[in-house]
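Reader: Hey, I'm new to reading structures. Can we go through this one together?

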Amino acid sequence: MQRTALTARRRRRELDELSAETVDLLVVGGGVTGTGVALDAAARGLSVALVEARDLAWGTSRWSSKLAHGGLRYLATGDVGVARESARERHVLMTRTAPHLVRALPQVLPLTPGTGRRRGLTVGIGFGLGDLLRRDAGTSSLVLPGPHLARPGEVARLVPAVARERLHGAWIAHDGQLVDDARLVVALARTAAGRGAKILTRVRAIDLRADGATLEDTLTGATLTVRARVVVNATGVWAGTVDPSVRLRPSRGTHVVVPAARLGSPTGALMVPVPGSGSRYVFALPAQLGRVVIGITDEEAPGPVPDVPVATRAEIDFLLETVSGVLSRPLLPDDVVGTFAGLRPLVDTAGSSDGPSADVSRKHLVEVSPSTGAVNVLGGKLTTYRTMAEDAVDLAVKHAGLTAGPCWTTALPLVGAPSLVGPGISTGSTSSSNGTGPTHGMGSLVARYGTEAADVLAAAVLPGSASAVGQGITGAGHLDITRAEIEWAVTHEGALDADDVLDRRTRVGLVPADRAAVHDIVEQLVTDTLRRL
Ligand SMILES: Cc1cc2nc3c(=O)[nH]c(=O)nc-3n(C[C@H](O)[C@H](O)[C@H](O)COP(=O)(O)OP(=O)(O)OC[C@H]3O[C@@H](n4cnc5c(N)ncnc54)[C@H](O)[C@@H]3O)c2cc1C
């Protein structure tokens, strides 16, 4: 069994071991931030345990737009430092740590008489500045091509559903796009596990202290006390539930999902200015499994944090109307096959009192909690998880007086990444190589598993492993997920039941009709696989 393989059996064994030992670092929360912290700490030689109340990527980390941003949006607010950091982290992801999971996504901003000269000019300048960030980060134009003005023919090739009549061209610029956000989290968790970290899902922290926590195994109801030299709280929008000193101002972002065929199976993203706003855009992003994801909204979401946030009718209508403004045939509510919403863990710094080590403008906060004594790491972006983790582990090591090596995660490929990638060799090429375009078969496997694609097929033992999970099922023919991937999710990716597989390892569940169509077969495969572990 690979050291990076997460299984139910490993979980049981490591949970038993945990009550008898003192770990250097206990991480609470298994989103991109927590798994990033676990990897950083384990790579520095610390003993690490991570507990996640539900499943890997249960929270905000599975509801993102799945973009590895180049930082352009931060330039708009004058935050050059954050913008450069974002571009640098995108570079690290695309060329070293996860080139198999991030591709170069062409983003198309159609130019019509309605766009206005001023907006067209502003976008061109913005894209030019974004390109400076790319160069500053050292990202080759072979990995991420620079921006250019395109003719209508190129626009139609990338996004066939754009209305041609009044189109006189478009700005095209490239950014990084993840094949899937939850897949990045699983890759981080497995890479950390490969360096000895215990990754324990279905384990909730019910009480945090500076020297450990009280945990509940939610599968059995048993509680245990774990001792740790330092605790890191990476519970995102739920941070206030384990630390009363944390003040967050969650904001909801909503996406709708439509069949890719409805937009002519685009390979590029469509970027549509929000009418009446000088700086907001709605994106239609090609996604894996024959889908296009349209987002995003930004709505204050005060009050109790729900398990799974829900999109509102008004948000769905806003997204459809905005995108329809540039399409030859408007999108209608009936075109929507799924919706999802996530809460941004925005830090309300007015409430933090203990000298945060990161200022508000950095968008993430790393501090020792005045209330629990744990290190809180909150806010930020998926793209910058690595620097958040570095900051958090630096502070944790200093605070607890631990002996640890320096951070070296910029040079540490995640599972599935080719170990040596230079400029131009990256799988993040301009083609739709990460499964978000219309690729099938081995292409999709490589897009999701990188160098492990062949292992996924080779490890499967149940009959028909190379066939698609939806084969022969009405309405599921477009799901290019092999039965082997369902087995792999259980034998290597820590999936404990069919929900983990449908909703976080494969993302079939983003479309309820797809989920219903393959639910029973996936459940059977999961049961059969768990039985033999
Ligand atoms: C709509 C939307 C779109 C976005 N798009 C992008 C994008 O395109 N690119 C980008 O870079 N960023 C994007 N972001 C930001 C990014 O998604 C988040 O910053 C990031 O995912 C936050 O990760 P996290 O690990 O801090 O939190 P989470 O992913 O929420 O993880 C917290 C985890 O803690 C667990 N937990 C909670 N309480 C406990 C407990 N008591 N014990 C144990 N575990 C617990 C939860 O179950 C959860 O899994 C987007 C955000 C939103 C909302």
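Reader: Leaving aside its neighbours within four places in sequence, which residues is Gly146 in contact with?
Author: Those are Asp131, Arg134, Ile172 and His174, where contact means heavy atoms within 4.5 Å. Before we go on: this is a predicted model, in which local features need pLDDT of at least 70 and side-chain atom pairs count only at pLDDT 80 or more, while totals for chains, interfaces and linings use all residues. Residues are numbered from 1 along each chain as its sequence is written, and side-chain values use heavy atoms, with hydrogens and water left out.

Reader: Ok, and where does Gly146 lie?
Author: Gly146 is in the loop between helix H5 (117-137) and strand S5 (148-150). Helices (H or I, at least four residues) and strands (E, at least two) are DSSP runs, numbered from the N terminus.

Reader: What does Gly146 count as at 22% relative accessibility?
Author: Gly146 counts as partly exposed because its relative accessibility is 22%; buried means under 20% relative accessible area, exposed over 50%, and partly exposed in between (1.4 Å probe, protein chains only).

Reader: How far apart are Gly146 and Asp175 in space?
Author: They are 9.7 Å apart, C-alpha to C-alpha, with their places 29 residues apart in sequence.

Reader: Switching topic. In H1, which residues are buried?
Author: Ala8, Arg10, Arg11, Glu14, Leu15 and Leu18 are the buried ones in H1. They cover an arc of only 155° around the axis, so they sit on the same side of H1; the arc is that of the directions from the helix axis to the C-beta atoms.

Reader: And what's on the other side of H1?
Author: Arg9 and Asp16, which are exposed. A helix rule helps here: an α-helix has 3.6 residues a turn, so residues three or four places apart point the same way.

Reader: Any holes inside? How many cavities of 30 Å³ or more does a search of the whole structure find?
Author: Eight. A cavity is a set of points, on a 1 Å grid over the protein atoms alone, where a 1.4 Å probe fits but cannot get out; a pocket is an open set with protein on both sides within 12 Å along at least five of seven lines, and lining residues have an atom within 4 Å of a point. Grid points are joined across faces, edges and corners, and a volume is the space filled by probe spheres set on the points.

Reader: What volume does the largest cavity have, and what lines it?
Author: About 90 Å³. Its lining includes Leu6, Arg10, Glu14, Leu56, Ile199 and Leu496. Helix H1 (8-18) and strand S7 (198-201) are the elements giving two or more residues to that lining, and the largest share, three residues, comes from H1.

Reader: How do the residues of that lining divide up?
Author: Four are nonpolar, three polar and three charged. Ala, Val, Leu, Ile, Met, Phe, Trp, Tyr, Cys and Pro count as nonpolar, Asp, Glu, Lys and Arg as charged, and the others, Gly among them, as polar.

Reader: What about the second largest pocket, how much space lies in it?
Author: About 440 Å³. Its lining has 21 residues, and Thr112, Gly114, Thr115, Gly325 and Val326 lie nearest its centre. By class, 10 are nonpolar, seven polar and four charged.

Reader: Now the core. How many residues has the largest nonpolar core?
Author: It has 57, and the residues with the most contacts inside it are Leu25, Val37, Val48, Leu184 and Ile199. Helix H7 (residues 181-194) gives the most to this core, with nine residues. Apart from it lies another core of 29 residues, among them Val108 and Val272. A nonpolar core is a set of buried Ala, Val, Leu, Ile, Met, Phe, Trp, Tyr and Cys residues joined through side-chain atoms within 4.5 Å.

Reader: Last one: what's unusual about phi of Ala57?
Author: Ala57 is not a glycine, yet its phi is positive, about 60°. Most residues other than glycine have a negative phi. Ala57 is in the loop between strand S2 (48-52) and strand S3 (67-68), and it counts as buried because its relative accessible area is 0%.

Reader: Where else is there a positive phi in a residue other than glycine?
Author: Leu289 has one, near 65°. Leu289 is found in the loop between strand S13 (281-287) and strand S14 (291-295), and its relative accessible area of 2% makes it buried.
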